[in-house]
Amino acid sequence: RPERVVQLCHPDIRNDFPPLRTSKSSVPEHLPVQLTSFVGRGTQLSGLRSALTTDRLVTLTGAGGVGKTRLAIQVAGQLAADFDAGVWYVDFAPLADPDLVPTVVAGALGLAEQPSRSTSDMLIRSVADRPMLVLLDNCEHLLDAVAVLTTSLLRACANLTLLATSREPIGVAGEVTWRVPSLSLDDEAVELFVDRARRARPDFIADQVSVVREICRRLDGMPLAIELAAARVRALSLAEIAGSLNDRFRLLTGGGRIAVRRQQTLRASVDWSHALLADPERILFRRLAPFMGEFDLNAARAVAGGTEIERFQVLDQLTLLVDKSLVVADNTGGPTRYRLLETVRQYALEKLGESGEADTVRSRHRDHYTAMAAALDAPAATGHQNRVEQTESELDNLRAAFAWSRENHDIELALQLASSLQPLWLTRGRLREGMSWIDEALGDLDYGGREVAPPVLARALADAALLEGWLGIPERKEQATAALTIARRVEDPSLMVRALTACCATAAFSPENAAAYFAEAIELARDLGDKWRLSQLLGLHAYAAMMAGYPSAALTAGEEGRTLADAIGDRFASSLCRVWGLAGARAVLGDLAAGEEVLSVLIAEAAASGDLLSEFNGLITQSFLRGWQGKTTAAVAAAEAAIESAGQLGALFEGQGYLTLGGAYLAAGEVAPAKVATSEGWDRIANIEFRAMNTRWRAETELAGGDLAQARAWADQAVPANTGFFQMMALITRARVAVAEGDTEAAERDAYQALASAATTGAQVNVPDIFDLLARLALAVESYPEAARLLGAAHGIRQRTGEVRYAIHQADYEASISAVR
């Protein structure tokens, strides 16, 4: 039967036998009872449980309010059964006197003072070899005393494990530091907000998840801030909470009445961390406030170094701020990058404002990033793509520098910065952002009646015109011309190349006007040895040549430009040359397989590097190439992918994507969806010149749908609106309309004119369609041998190029074959 057994234990009594074994379920858990649910942290809990089985001192570090205490209590509770002497909780938050650290620990362990021994000795003798986990919470303001005690206990008590929380490491031998991250914005942060909001207002309905996620994002996924924000649902809507976060220190108050003061408001939490800083740390901390997003060590030295803190001291002080969880360091992707959580940054901004040096520090920040942008814009022999990627990683800081220039009425600097980032705007598809920067600064110039240096103004005008030209809206011809006039007046050859490039972009749909600009610009760039501008110009020339329908000229420009661009590492210019000069031009000249091979590599590279413009151009070109080869399902997929990628580029690109989709459906013989897609595309294209170039697709679609009157109207517009290969395609369409109308004479005239255009341009694609048409016309006059020869010629070309007849024309072809037989 059960027996009650008692063992007397006392530090002065020697026990020659092991302690009595007790049921795991009766292990004492001296942990605070939690009154709210624990959310998420599955990965951290698993990792901590593993760490605490092998390491005897694990310290959870992180910013105030990140959830260190709650996580530590949760993992300690899960491990209680693994420690026969239990888990114990010690809270140092209320303690100000470091000499009392051992006393507080002894009190938490339920030990009475022994006048004959020091408290530390008493602790050591009491814990002895007992398997015990002790949680030391909130150690950051008592680090020295905690370090002494933990070292003594760990050396003397072989089965003792310590779990500590602190805003910085304790700094003793054997310590394993575990940085507690913010909650995941995908699920954990939202779940916490919803749970706490329902506690504040039981009828709360989480029907605006996107707004909740935005609130959590702006609060950096910090549990304390999220809980304080969630409590505001009693009086504010989610939209009102989100809109109030610019003044978050006033909004996020009202924590639990029994919580320690620094957990009752967001400001108190950051105040506590700031109060623990030494003077040099406080100076650096506030000088980091202008940084938006991440920054590197060189930037920190440039902006924060100088008076009171020398540049060489910045690293040491920055390391201390990282240790104290006020700065986050990340070296997972290469060189170390630093950042302040937004809540911490707003607090630092307040301190910077109070210091009286805000203008000076923010101007240093602007100057540093303006210099970085200038280096991107300067021609260099190699490494262009690396500089673009480095600059893109600083985009948030560049935006802040631009905003400060405008706020400080330094319009010339704002324009210089916006223009210097032209390579970034182009290569990352940020055309509209680049244009808006320039337009905003020019607007400030007009409003304030200020003047800037003529070269600065010319660069800005030229770059805005170039960016808009790439958007397919070449409506800033006057700005480009004005920039060129200024460049000629100041006799600056580099500026002239820049302005001429803008003139080329705005005249891309007017071949005759563009030719003179291209000739002068390319010659000047060669004379200057400016490989970057030259490769960009050659890529633009390849594009303009293809838009004009002259594939041989596009191929020549593209091949030279691609070689130059690859040599200097300019991936965007290389992509530009490959899309139009190598893939598109080669395909039209008859090498469809080579063209598609180029595009497959290019599209993958562009997607990986975030080059939206090159990805889009690659996809629409790929769709046409696949349609020409009879790969209609793949052609539709490429066009749909282009439409999706166009979302960030603008309506005109979406329109172009839909027109391409309409063409893919025609290739597949699906007339109804082709009409829908073509209409969708047409509605999105406002530019008259671009519309005129694409009227051929409207004619082809209406013809396939049986509306001859509309087909005739569109075809008559398409022929004079196009040149070269595209005029050849428009003539083929108009000839088909004439055949359907019974006007064989007009059909024959257009067909032969299309054949002449093919001979002039060297085009091979769509030439078989001309022969098919001429065969139909021969059959109409019963010239069967001639029809057979023409059909054979068409078949031979298709065999050589890999081109496949569009499905909408298959019935006409089969009728011709039947007639010949």
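**Aromatic rings, a small sheet and a helix**

Phe 725 is tucked away in this predicted model: its relative accessible area is just 2%, so it counts as buried, the cut-off being under 20%. Next along comes Phe 726, which at 24% relative accessibility is partly exposed. How do two rings like these get described? A pair of aromatic rings is given by the distance of the centres and the angle of the planes. The structure holds 16 aromatic pairs. One of them is formed by Phe 725 and Phe 726, with 5.4 Å centre to centre and 65° between the planes, which makes the pair edge-to-face. These two rings also belong to one aromatic cluster, together with Phe 624, Trp 628 and Trp 697.

Trp 697 has a charged visitor as well: Arg 696 lies over the face of its ring, 4.5 Å from the ring centre. A similar arrangement turns up with Arg 805, which lies over the face of Tyr 813 at 3.4 Å from the ring centre.

Now for the strands. In which order do the 3 strands of the open sheet run? The order is S7-S9-S8, and the pairing is antiparallel. Strands S7 (294-295) and S8 (328-330) stand at the edges with a single partner strand each, so one side of each has no neighbour in the sheet. S8 pairs with strand S9 (residues 337-339) over 3 bridges, in the antiparallel sense. Within this pairing, Val 328 has Arg 339 of S9 as its bridge partner.

On to a helix. H29 covers residues 592-609, 18 residues in all, and spans 26 Å from its first C-alpha to its last. That is close to the 26 Å expected at 1.5 Å a residue. Plenty of H29 is hidden from the surface: the buried residues include Leu 592, Ala 594, Val 598, Leu 599, Leu 602, Ile 603 and Ala 606. What do the buried residues of H29 pack against? Their neighbours are helix H28 (571-588), helix H30 (612-628) and helix H40 (784-801). Right after H29 comes Gly 610, with a positive phi near 80°.

Finally, a look at a serine. Ser 679 sits in helix H33, which takes in residues 671-684. Is Ser 679 buried or partly exposed? With a relative accessible area of 30%, Ser 679 is partly exposed, because that label goes to values between 20% and 50%. Ser 614 is 65 residues away from Ser 679 along the chain, and the C-alpha atoms of the two are separated by 25 Å.

Technical notes
Residues numbered from 1 in each chain as written. Predicted model: local features only at pLDDT ≥ 70, side-chain atom pairs only at ≥ 80, totals over all residues. Heavy atoms only, no water. Phe/Tyr/Trp six-rings, centres within 6.5 Å; stacked < 30°, edge-to-face > 60°. Buried < 20%, exposed > 50% of the residue type's maximum accessible area, 1.4 Å probe, protein only. Lys NZ or Arg CZ within 6 Å of the ring centre and 35° of its normal. Helix = DSSP H or I, 4+ residues; strand = E, 2+ residues; numbered from the N terminus. Pairing = 2+ DSSP bridges. Expected span 1.5 Å × (residues − 1). Contact = heavy atoms within 4.5 Å.
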